Amino acid sequence: MNDSSHPMKVETKTADGQLVAGAECKLTNDYGSITVKSGDTTQVRRSSKDLDITCVQPQNPEAKARAISRANSGMWGNIIIGGGIGAIIDHNKGTAYTYPTWVQLVYGKTLVFDRTSEKEGQPALGLEPTKTN
């Protein structure tokens, strides 16, 4: 029911909140890697696996993130309309999943972004992962 990719805006900012455009950002999932400059929007290949993002810029420490893959409405539509066959196909192709559409990485931090925290017209909330012992 869904395209194999969807748009994602990637931004970088300093710890004090200043946006920094032009950093080299690499986005990687099980379908491969793409590179985008921070401040730009790119098409991201959908997958059931999370998306790892790393942004580098000479004047700042590395910014890292993980974008959580979540089932989208197409998955549920397939289950209702197709009795599950379409959902299995979309799961296997990754098209049943979506990442956050707008992320802001912070230099010197590793953040986790989940589209369930997205609000219309705002970037997804980036949280630092909790440490377990």
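**Note on the predicted fold**

1. Ser47 is placed in the loop that runs between β5 (41-45) and β6 (51-57), and this placement, like everything below, refers to a predicted model. Although Ser47 belongs to a loop, its relative accessible area is 1%, and Ser47 therefore counts as buried, since that value falls under 20%. A polar atom of the Ser47 side chain lies 2.9 Å from the backbone nitrogen of Lys49, so that distance is within the 3.5 Å set for a polar contact.

2. Turning to the chain as a whole, there are two helices and 12 strands. Read from the N terminus, the order of elements is β-β-β-β-β-β-β-β-α-α-β-β-β-β. Of the 133 residues, 38% count as buried, and the accessible surface of the chain comes to about 7,500 Å², with 51% of that area belonging to carbon and sulfur atoms. When contacts are taken between residues at least 6 apart in sequence, 59% of them join residues at least 24 apart.

3. Which strands make up the open sheet, and in what order do they lie? The sheet has six strands in the order β4-β3-β6-β7-β11-β12, and its pairing is mixed. Its edge strands are β4 (32-37) and β12 (126-127), each of which pairs on one side only. As general background, the strands of a sheet pair through backbone hydrogen bonds, either parallel or antiparallel.

4. Strand β3 (residues 24-29) deserves a separate look, since its side chains alternate between two faces. Cys25, Leu27 and Asn29 point to one face and are buried, whereas Glu24, Lys26 and Thr28 point to the other face and are not buried. With β4, strand β3 runs antiparallel and is joined by six bridges, and the two strands are connected by a hairpin through two residues. With β6, the pairing of β3 is again antiparallel, here over five bridges.

5. Cys25 can be followed into both of these pairings. In β4, the residue opposite Cys25 is Val36, while in β6 the bridge partner of Cys25 is Cys55. Continuing across the sheet, β6 pairs with strand β7 (residues 60-67) in the antiparallel sense over six bridges, and within that pairing Thr54 has Lys64 in β7 as its bridge partner.

6. Strand β1 (residues 5-13) has pairings with β5, β10 and β2, which are best read one at a time. Towards β5, the strands run antiparallel and are joined by five bridges, with Ser5 standing opposite Arg45. Towards strand β10 (residues 102-106), the pairing of β1 is parallel, over five bridges, and Val10 stands opposite Val103 there. Towards strand β2 (residues 19-20), the pairing is antiparallel over two bridges, and Lys13 is found opposite Leu19.

7. What joins β1 to β2, and which residue in the turn has a positive phi? The two strands form a hairpin with five residues between them, and Gly17 in the turn has a positive phi of about 95 degrees.

8. On aromatic rings, two charged side chains may be noted by name. The charged end of Lys9 sits over the ring of Trp102, 5.1 Å from the ring centre. Arg45, the residue that stands opposite Ser5 in the pairing of β1 with β5, lies over the face of Tyr31, at 3.8 Å from the ring centre. For pairs of aromatic rings, in contrast, the count comes to zero, where a pair requires ring centres within 6.5 Å.

9. Finally, Pro129 is found in the segment after β12, the strand that was named above as one of the edge strands of the open sheet. Is Pro129 buried, partly exposed or exposed? Its relative accessible area is 44%, and Pro129 is therefore partly exposed, since the value lies between the limits of 20% and 50%. Leaving aside neighbours within four places in sequence, Pro129 is in contact with Thr110 and Val112. The C-alpha atoms of Pro129 and Thr110 are separated by 7.6 Å, although the two residues are 19 residues apart along the chain.

Definitions and conventions: Residues numbered from 1 in each chain as written. Predicted model: local features only at pLDDT ≥ 70, side-chain atom pairs only at ≥ 80, totals over all residues. Heavy atoms only, no water. Helix = DSSP H or I, 4+ residues; strand = E, 2+ residues; numbered from the N terminus. Buried < 20%, exposed > 50% of the residue type's maximum accessible area, 1.4 Å probe, protein only. Polar contact = N/O pair within 3.5 Å; in protein donor to acceptor, adjacent residues only side chain to side chain. Phe/Tyr/Trp six-rings, centres within 6.5 Å; stacked < 30°, edge-to-face > 60°. Lys NZ or Arg CZ within 6 Å of the ring centre and 35° of its normal. Pairing = 2+ DSSP bridges. Contact = heavy atoms within 4.5 Å. Areas by Shrake-Rupley, 256 points an atom, 1.4 Å probe, with all protein chains shown as cover.
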